[in-house]
Amino acid sequence: MEQGEAEKKEPEVSSTTTVPTPPPPPPHPLTTGGEVNMAFQPEPEHHRHVSISSEAVHTDLEHQRKVSVTSAQHDAASRLRLASRLRAANADGLQHHGADNGRKYSNVTMEDDEPDAENSWWYLLCTKCRQKESGRGWEPSYWQSVCPYPFCPTYRHVARIVSLFATGLLTWGVIYSIIGSDAAPGGQLFDIAAVSILAHFGGVLFRMLNLPALVGMLLVGIIYQNLGLIHVQGHYAELVGICRKVALVMILIRAGLDLEPKAMKTLCFTVLRMGLIPWAVEFVMLAVLSNYILHLPWLWAVLLSSIVSAVAPAVVVPCLLRLRNKGYGVTKGIPTLVIAISGIDDAASVTAYGIIYGIIFSANSLAHDIVNGPLSIAVGLGFGITWGFFSKYFPEKEDPFVVPIRILTLLGGCLIAVFGSEVIGMEGAGPLAVIAAAFLSIYFWSKQGWKIESNPVANAFEIFWMLCEPVLFALTGIQVKFDEIDTNIIGVGSGILIACIIVRIVVTVLVGVKSSLNTREKFFVALSLMAKATVQAALGPVAVSTLMDERGSEEYRHAEVVMMICILSILLTAPLGAILISLLGKRILTKTTGNISPPEGWRRTHRPSIRDITINEHEEEEDENDNDIEKKKENSNNLSTNWQQQPPPFIISAQP
């Protein structure tokens, strides 16, 4: 009997018992002398673009970090409980000691004023200027009292700007130490860098106004030139030409990477019909009007039409993105169609430009130039296909350095295609080779497991374009001199451009008769294809730079007319196209309700960064730790996260 009672008796708790416990939550900024800023998104909402080098790795879940949903909810609940305790403590302190010590409880008392502040125009404007920061955010405890969000930028943003400014200052110091006076204020190299930086801020201002950033960059260059703040000549004029060609390579690579293979296969006939036929009509009409009205020779008129006929997706894609986020035009994949058409148009325009440019500035016979045109197309396609197959096998797809090697391989092949084609006298081969190589590369990489809409190589070249864009449009703007402009050309040129755009819109609607789009959607696609910008900025001033030593000649005058019409096309169509798309898109396109997922081939919804071109490599040790921690998580009521190591136990003292 006593033995049975002894068995029923619970075991005694020792004075010190070792109990494994879940890891403590990470230190909250409020408890470490800092504050959480509302500009930062919670950690679970931050998704990092990760592209793996093979399909097998894509499907292997053991090579991806798994975050416990339960632990994330527990962490969020802990934050809410902490915030509630702080508010209660502050309220209690305010009742007992508020009148005596005059302390300011800004985090509590401002909550009553938040509804009024959030409805003010100043608050809305500042919120529009700011963007949400991803990941955990920390700020000094005094930052919000000095720089409240969103009226002031976050501490992370300020720290980033200070870091970039310090890096730029150090870079300038090194260049000044090597080059000398040209890098000093007033030097040509310094002026080029200054106008490019100011162009970036001009683009930011126009982007805040929902206008194309490139228009602001172009205007900064024009103003900078006509205020007499820059004068480029000598070797730096050659440097400007090289920068323009590099920017052209970035444009063509992105055009090739945007040609999504599955969409091209499905919409091939529609893309070719709605892309090449309106392009050809605008090409011929612009050449004829330029010859008879602007009195340009036929070769120069064809050169002008080959440049102006190109489409600029960089203008309309941001507008389409805003409409897509609201559900407009999603079901029929209109953004994919516009991107594909613009890529085909750019390829046709740049190829035609290269052939005509070679004929104009060639010293060979007419028969040689006639044969050289088709030969350039064949050579360009041959090199592009060869380089595309090369990128399929080299580097090996499982190579841990596959991302940087593929970026450098594609970039190097495209650069040698453009610059090398000029050396051998086949200017039309280079651009076509670039687009072909980029398209085949992304086709083969998609077969190996990479995503078309988001992969590290495409992210890298979007970042490269973000760096090249202000340089390209600023250097194009500095070519405009008001005292040398023929006002008659502006009026006549504007009329020619408007007439050609109207005809192109009508033809685009007519050739889309048998497509799945209704009349309103065809009209919207036609409006999206009216904008001019990137190709015009890259190729418009090339002839002027080539004939810089022949100022006053007849050919130089023709080159100036070509450049002015190209710049005029940017100023007229880029902001007008963006405004029309934004205003008419909601009335023309069909809205999709519910959960909106991007159509196949659509790009990301945020501006890319360096994080998008990195790949997280998980070693075997990390995978083993993940498995162990997953088991421990189940034993601890799902309170520990699988990305943390299990901490050592701590001592609990039992009360006697």
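# Exercises on helix packing and local geometry

α21 passes α22 in a right-handed crossing, and this crossing, like everything below, belongs to a predicted model.

**Exercise 1.** Determine how α21 and α22 are oriented to each other, and what kinds of residues form their contact.

*Solution.* Two packed helices are described by the angle between their axes and the distance between the axes. For helix α21 (residues 487-511) and helix α22 (residues 519-528), the angle is about 140° and the axes are 9 Å apart. Angles over 145 degrees count as roughly antiparallel, 65 to 115 as roughly perpendicular and under 35 as roughly parallel, with the rest oblique; α21 and α22 are therefore oblique to each other. On the α21 side the contact is made by Ile505, Thr508 and Val509, which meet Lys522, Phe523, Ala526 and Leu527 of α22. Sorted by character, the residues of the contact of α21 with α22 comprise five nonpolar, one polar and one charged.

**Exercise 2.** Carry out the corresponding analysis for α13 and α21, giving the orientation, the handedness and the composition of the contact.

*Solution.* The axes of helix α13 (residues 268-292) and α21 come within 9 Å and cross at roughly 155°. Since angles over 145 degrees count as roughly antiparallel, α13 and α21 are therefore roughly antiparallel to each other. The handedness of the crossing of α13 and α21 is right-handed. The contact draws on residues of α13 including Arg273, Trp279, Glu282 and Leu289, and on residues of α21 including Ile496, Cys500, Arg504 and Val511. In the contact of α13 with α21 there are 14 nonpolar, two polar and three charged residues.

**Exercise 3.** Test whether the end-to-end distance of α19 agrees with its number of residues, and decide whether this helix is largely enclosed or not.

*Solution.* Helix α19 (residues 429-447) has 19 residues, which at 1.5 Å a residue should span 27 Å. The end C-alpha atoms of α19 are 27 Å apart, which agrees with the expected span. As to its surroundings, a residue is buried when its relative accessible area is under 20%; 15 of the 19 residues of α19 are buried, so this helix is largely enclosed by the rest of the structure. Across the protein, buried residues make up 45% of the 656 residues. α19 is followed by Gly449, whose phi is positive, near 115°.

**Exercise 4.** Locate Leu219, classify its exposure and name the residues it touches beyond four places away in sequence.

*Solution.* Leu219 is found in helix α10 (residues 213-226). With a relative accessible area of 30%, Leu219 is partly exposed, because that class lies between the 20% limit for buried and the 50% limit for exposed residues. Once residues up to four places away in sequence are set aside, Leu219 touches Phe206 and Leu571. From Leu219 to Gly203 the C-alpha to C-alpha distance is 9.4 Å, with their positions 16 residues apart in sequence.

**Exercise 5.** Which backbone features do Pro395 and His295 show, and in which loops do these residues lie?

*Solution.* The peptide bond from Phe394 to Pro395 is cis, with omega near 0°, and Pro395 is placed in the loop between α17 (366-393) and α18 (402-423). His295, although not a glycine, has a positive phi of about 60°; His295 belongs to the loop between α13 and α14 (298-308). The relative accessibility of His295 is 59%, so this residue counts as exposed.

Conventions: Residues are numbered from 1 along each chain as its sequence is written. This is a predicted model: local features need pLDDT of at least 70, side-chain atom pairs count only at pLDDT 80 or more; totals for chains, interfaces and linings use all residues. Side-chain values use heavy atoms; hydrogens and water are left out. Axes are lines fitted to C-alpha atoms, for helices over the stretch in contact, and angles run from 0 to 180 degrees between N-to-C directions. Helices (H or I, at least four residues) and strands (E, at least two) are DSSP runs, numbered from the N terminus. A crossing is left-handed if the near helix is turned anticlockwise from the far one by less than a right angle, and right-handed if clockwise. Contact means heavy atoms within 4.5 Å. Ala, Val, Leu, Ile, Met, Phe, Trp, Tyr, Cys and Pro count as nonpolar, Asp, Glu, Lys and Arg as charged, and the others, Gly among them, as polar. The expected span of a helix is 1.5 Å times one less than its number of residues. Buried means under 20% relative accessible area, exposed over 50%, partly exposed in between (1.4 Å probe, protein chains only).
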